[in-house]
Amino acid sequence: MVSSGQFPRMCSDRRIDESRLPIQIFGIALALAHAALSGWQEKRRGAGLHGRLAETEGVVEATEQAQSGEVSELARPKLFLFNILLTVAVIVMLIWDVFPSYFPFMLGVAVALFVNYGFTAKMHKKIINLHAGPALMMCSTLMGAAVLMGILTTSLGADGKAISAKVMELPEGTIPSVVRCLAAIVSGILPAALGQHLPLVIGVLSVPLALAFDTDSYFYGMLPVVIGIGQAFGVDALPIAVAMVVCRNCATFISPMVPATLLGTGLAEVDIKDHIKASFLYVWGFSILCMFVAILFGIMPL
């Protein structure tokens, strides 16, 4: 088993080489191509305000009514450039990471309300009420997801205290979490013949596993277990870590264990099951393609 300090030191010893910049550019181009392909497929499927799906669900009718009434009253086309700059400013403040994450959003909303709709409390209340329903629903969904993640990823120590998924080595007498048990089961059922090719196996299975593991439990709970198994077969930790990081990250936004996925599907008014059903095979294929590219450039040696 890799200790809690050994893995970060092992990774920090590998410095980023400028010669790998073309690989990163290739990865970005590949991701953009995948996004364009997905958008084209969704458009053919009928997505969009005026697509077949919108007509079936009555969205077009609602849009026409809104355009003739309330939306035309609330639209501020002359302030479009200002609103774009305000959005960019909020993002810059988030990246700057000087203030708490909620501060840029609160400041941005306040500025947007006063600039777009003046100092009329009635108009501000109308705008807030317009978005209150979806916002409250999304907050409750994220809180429910957080509770579920806490139940699945928290281990219990011998003294009854909770142990976070970020603790890589559990003390004696600890009751492991559901996710740690799943990681042990998945690792235990792998045939011994595949031990020498463990990075490939993990790379192929990363996307399906992402549907059952959140980010912390995947990397803090499962990664040390798999690295320990790989060491028994003489496999270095780096190829295993690369396979888990590269391939799993492709599936981040189809995993129901990631709050951002629930937020995105909620804002798009799409059921999470429909989102996973439509995207799973494409994401899985893209992750395997990324694995082959990593092998081709020697990032993940066999």
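These are my notebook entries on a predicted protein model, going from the whole chain to one helix and one residue.

**Ground rules.** I number residues from 1 along each chain as its sequence is written, and side-chain values use heavy atoms, with hydrogens and water left out. Because the model is predicted, local features need pLDDT of at least 70 and side-chain atom pairs count only at pLDDT 80 or more, while totals for chains, interfaces and linings use all residues.

**Whole protein.** I looked up the make-up first and found 14 helices and two strands (DSSP runs numbered from the N terminus: H or I of at least four residues for helices, E of at least two for strands). Of the 302 residues, 30% are buried (buried means under 20% relative accessible area, with a 1.4 Å probe and protein chains only).

**Helix H8.** I checked the span of H8, residues 121–153. Its 33 residues at 1.5 Å each should cover 48 Å (1.5 Å times one less than the number of residues), and the end C-alpha atoms sit 45 Å apart, which agrees. H8 also bends by about 45° at Ala-132, with Pro-134 following within four residues (the bend is the angle between axes fitted to the seven residues ending there and the seven starting there). Among its buried residues I noted Met-123, His-124 and Leu-152.

**Asn-116.** I found Asn-116 in helix H7, residues 102–117. Is Asn-116 buried or exposed? Asn-116 counts as buried because its relative accessibility is 9%. Beyond its neighbours within four places in sequence, Asn-116 is in contact (heavy atoms within 4.5 Å) with Arg-76, Leu-79, Phe-82 and Asn-83.

Note on methods. Buried means under 20% relative accessible area, exposed over 50%, partly exposed in between (1.4 Å probe, protein chains only).
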